[in-house]
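Work through the exercises below with the sequence and the model at hand. Each task is followed by a solution in steps.

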Amino acid sequence: MSAAADLPNRVQTAPAPASDWLALAERGLRAAVEVPAALVVVAEVVILFVGIVARALGHPIIWSDELASILFLWLAMLGSVVAIQRGEHMRLTFVVGQFSPRVQAWCETLAVGTTFIFLVLLLHAAYDYTVDQSFVETPALGWSGTVRALAVPVGFVAALLSCSLRLARHRIADLVGVALVLAVIAGLLALGAPVLTTMGDWALLVFFVGLLGLGILAGVPIAFAFALATSAYLLTVTSTPLTIVVGRMDEGMSSLILLAVPLFVLLGQLVDATGMARVMVAFLAALLGHVKAGMSYVLLGAMLLVSGISGSKTADMAAVAPVLFPEMRRRGMKDGELLSLLAASGAMSETIPPSIVLIAIASVTGVSIAALFTAGILPALVLALVLAVVARYRAGQEEDATPVARAPVSVVWRTLLIALPALLLPFLIRSAVVEGVATATEVSTIGIAYSLLLGLLIYRGGLSWAAVRPMLARTASLSGAILFIVGAASAMAWALTQSGFSHDLARAMGAVPGGKYGFLLISVIAFIVLGSLLEGIPAIVLFGPLLFPIAHQFGIHEVHYAIVVILAMGLGLFAPPFGLCYYAACIIGDVPPEAGMRRIWIYLGSLFIGLLVLTFVPWFSIGFL
């Protein structure tokens with residue numbers, strides 16, 4: 001998620017004035033999707049929590065997991081529609097953002113139009129897939145598979161209506177131009193089908209480098225760019241029906257491990273709404289704020305504590321930066337330094353459990369989630385120490401740094417007492433999974449219940465009924481964006497595997513000089529680039545199943561390899577000029593991007609050196625397994 005799905009859409013369209021009926025239709029459709037999506041989120045939490053309690057009492061409910069799985073696909077599809085309505089699907093906007101507002105408006109039309117075309121293309125396949133599932137019966141409830149699979153065509157229809165309303169706001173000239181461009185591309189593919197078919201693996205470059213790359217650079221949501229490139233490839237050079245794409249997307253989104261994603265997203269919002277993050281930061285500030293670079297240490301410590309709970313790096317930064325930045329500015333730190341440290345701390349903490357990226361990589365590679373949770377902590381601490389050294393050095397370069405008096409012991413103890421219930425949450429979550437007491441999904445519901453109790457009984461005033469629906473809709477939107485990317489990347493990975501590309505890749509990577517160390521080094525560089533261009537979760541889901549078998553052939557421990565590629569991906573995710581989370585940090589910190597362009601490289605460079613140490617010394621990842 002990585003974690004940039006909730007970056008606000010910075011590419012603005014220049015629509016014609018919307019009529020009253022259009023605005024009314026948009027509000028009505030948004031409510032018609034958001035309300036059921038919010039109810040499904042609540043249902044998931046209740047069903048799973050009741051199942052855990054019943055099992056603990058010795059009376060397990062045999063159908064609870066099955067019902068949760070059925071509702072999960074509905075949540076993924078409805079959430080992806082909410083993300084379309086809000087413009088929150090992951091996309092690369094850096095390139096488009098360099099153009100004039102007029103060109104940006106045209107690219108926005110292209111993004112929505114491409115999504116519309118994909119939905120039209122696969123709508124009938126989604127219907128056929130639902131019909132096929134009618135012959136399946138769920139084992140515990142005895143329901144027809146149609147009940148679950150119907151979520152796909154319903155979601156497609158709702159998404160089509162949402163895209164239609166969004167397109168109605170765009171200029172006619174833009175709509176015609178986009179239609180012509182897409183028609184020309186379709187015509188060229190149809191005419192060139194015989195040639196592309198004879199090209200073998202070289203045809204993959206046309207679809208998964210050329211077509212896919214152009215779409216992503218033009219600002220098309222990454223999930224839909226993946227899915228459309230896959231569909232175009234199958235239609236042009238194979239006889240595979242598009243129901244396979246729908247089926248593979250369903251399979252990718254339906255892994256029970258991924259059910260933890262929306263629950264941790266909701267938990268992260270509760271941590272913010274109840275003020276738990278704020279009191280944790282206040283304690284760290286009282287403890288360390290007086291030392292040289294003390295507030296930098298506080299920021300790093302706060303990111304270590306809250307990271308991973310929300311499912312979004314943007315949410316992690318948003319929970320910490322607004323609390324710390326005003327005081328850090330008052331103490332003399334430059335905006336560029338603040339931005340650089342915030343972005344670097346986001347990259348540093350990618351493996352802190354319960355990171356959504358850890359959950360995603362476990363779902364697509366079969367690596368033990370408990371092992372990943374155990375392995376992720378020490379590497380993040382090593383990188384935090386590296387950043388702390390750099391922050392200490394940089395603090396000496398700030399000529400106007402203001403000395404601060406040590407907080408009285410009474411203040412430290414008081415803030416600790418207030419923060420203690422909140423401080424227990426990260427340790428409760430991580431220890432429960434690592435010790436095998438609960439699964440990642442189960443512990444997320446326990447964390448939600450714990451946070452609700454703290455919010456209602458201890459940190460009162462943060463929660464309100466007015467905030468419930470937006471919080472649940474936000475959970476559905478971010479979860480839908482993440483899950484749809486996983487589904488689309490799963491379909492694309494299947495197509496690449498069936499083409500024989502994975503075998504060719506294995507042979508090429510197996511021949512790299514330097515053996516396993518050469519393979520590790522190439523993997524680090526590749527995932528830095530992929531993290532910058534494709535975001536975290538798409539890169540992991542797409543290339544994880546292809547590269548993990550190769551790592552196994554070299555004798556590289558799968559957990560160690562997972563930690564290495566996740567950290568490399570995070571480094572790219574926060575590296576300008578393409579890393580989307582860098583711009584998320586700019587928005588959260590209210591700092592212009594150019595302020596950190598020069599200062600951030602010492603932080604990223606130190607992280608890269610730390611990553612190389614972690615790469616070539618596997619003990620940091622697997623020493624405690």
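**Exercise 1. The largest cavity**

Task: Describe the lining of the largest cavity by residue class, then say which elements supply it.

Solution.
Step 1. Sort the lining residues by class: seven are nonpolar, four are polar and four are charged. The structure is a predicted model, and totals for linings use all residues.
Step 2. Find the size of the space, which is about 100 Å³ for the largest cavity. Of the 15 lining residues, Ile84, Gly87, Thr115, Arg166 and Pro221 are the closest to the centre.
Step 3. Assign residues to elements. Helices α2 (64–86), α3 and α5 (151–167) each give two or more residues to this lining. The largest share comes from α3, with four residues.
Step 4. Place this cavity in the whole structure: the search finds seven cavities of 30 Å³ or more.

**Exercise 2. Two pockets**

Task: For the largest pocket and the second largest pocket, give the volume, the central residues, the contributing elements and the classes of the lining.

Solution.
Step 1. Take the largest pocket, which holds about 740 Å³ of space. It is lined by 28 residues, and those closest to its centre are Phe208, Val209, Phe501, Leu530 and Phe543.
Step 2. List the elements that give two or more residues to the lining of the largest pocket: α8 (202–217), α21, α22 (501–510), α23 (515–534) and α24 (536–553). Helix α8 gives the most, nine residues.
Step 3. Count by class: the lining of the largest pocket has 25 nonpolar residues, one polar and two charged.
Step 4. Turn to the second largest pocket, with about 630 Å³ of space. Its lining has 24 residues, and Leu182, Ile185, Leu189, Leu211 and Leu228 lie nearest the centre.
Step 5. Here the elements with two or more lining residues are α3, α6 (172–191), α8 and α9 (222–237). Helix α6 supplies the largest share, seven residues.
Step 6. By class, the lining of the second largest pocket has 21 nonpolar residues, three polar and no charged ones.
Step 7. Look for an element named for both pockets: α8 is listed for the largest pocket and also for the second largest pocket.

**Exercise 3. Thr114**

Task: Is Thr114 buried or exposed, and which residues does Thr114 contact beyond its sequence neighbours?

Solution.
Step 1. Locate Thr114 in helix α3 (residues 101–133).
Step 2. Compare its relative accessibility with the cut-off. Thr114 counts as buried because its value is 7%, and buried means under 20%.
Step 3. Look for a polar partner. A polar atom of the Thr114 side chain lies 2.7 Å from the backbone oxygen of Leu110.
Step 4. Leave aside neighbours within four places in sequence; Thr114 is then in contact with Leu182, Val220 and Leu228. Of these, Leu182 and Leu228 also appear among the residues nearest the centre of the second largest pocket.

**Exercise 4. Two residues at 0%**

Task: What are the surroundings of Ser479 and of Leu372?

Solution.
Step 1. Place Ser479 in helix α21 (residues 468–498). With a relative accessible area of 0%, Ser479 is buried.
Step 2. Without residues up to four places away in sequence, Ser479 touches Val261, Pro262 and Val265.
Step 3. Set sequence against space. Ser479 and Ala76 are 403 residues apart along the chain, while their C-alpha atoms are separated by 6.8 Å.
Step 4. Place Leu372 in helix α17 (residues 369–375). Leu372 is buried as well, at 0%.
Step 5. With the same neighbours left out, Leu372 touches Leu358, Ile361, Ala362, Val367, Val559, Ala562 and Ile563.
Step 6. Check a pair: Leu372 and Leu496 are 124 residues apart in sequence and 27 Å apart from C-alpha to C-alpha.

**Exercise 5. Helix α26 and the cysteines**

Task: How many residues of α26 are buried, and how many disulfides are there?

Solution.
Step 1. In α26 (residues 580–589), eight of the ten residues are buried. They are Leu580, Cys581, Tyr582, Tyr583, Ala584, Ala585, Cys586 and Gly589.
Step 2. Take Cys586 as one case: its relative accessible area is 5%, so Cys586 is buried.
Step 3. Look past the end of the helix. Asp590 follows α26 and has a positive phi, near 55 degrees.
Step 4. Apply the disulfide cut-off, a pair of cysteine sulfur atoms within 2.5 Å. The count is zero.
Step 5. Test this on Cys163, which is in no disulfide: the nearest cysteine sulfur, that of Cys107, is 17 Å away. Cys163 is buried, at 1% relative accessibility.

Key. Residues are numbered from 1 along each chain as its sequence is written. This is a predicted model: local features need pLDDT of at least 70, side-chain atom pairs count only at pLDDT 80 or more; totals for chains, interfaces and linings use all residues. Side-chain values use heavy atoms; hydrogens and water are left out. Buried means under 20% relative accessible area, exposed over 50%, partly exposed in between (1.4 Å probe, protein chains only). A polar contact is a pair of N or O atoms within 3.5 Å; within protein, one must be able to donate a hydrogen and the other to accept it, and residues adjacent in sequence count only if both atoms are side-chain atoms. Contact means heavy atoms within 4.5 Å. On a 1 Å grid over the protein atoms alone, a cavity is a set of points where a 1.4 Å probe fits but cannot get out, and a pocket is an open set with protein on both sides within 12 Å along at least five of seven lines; lining residues have an atom within 4 Å of a point. Grid points are joined across faces, edges and corners, and a volume is the space filled by probe spheres set on the points. Ala, Val, Leu, Ile, Met, Phe, Trp, Tyr, Cys and Pro count as nonpolar, Asp, Glu, Lys and Arg as charged, and the others, Gly among them, as polar.
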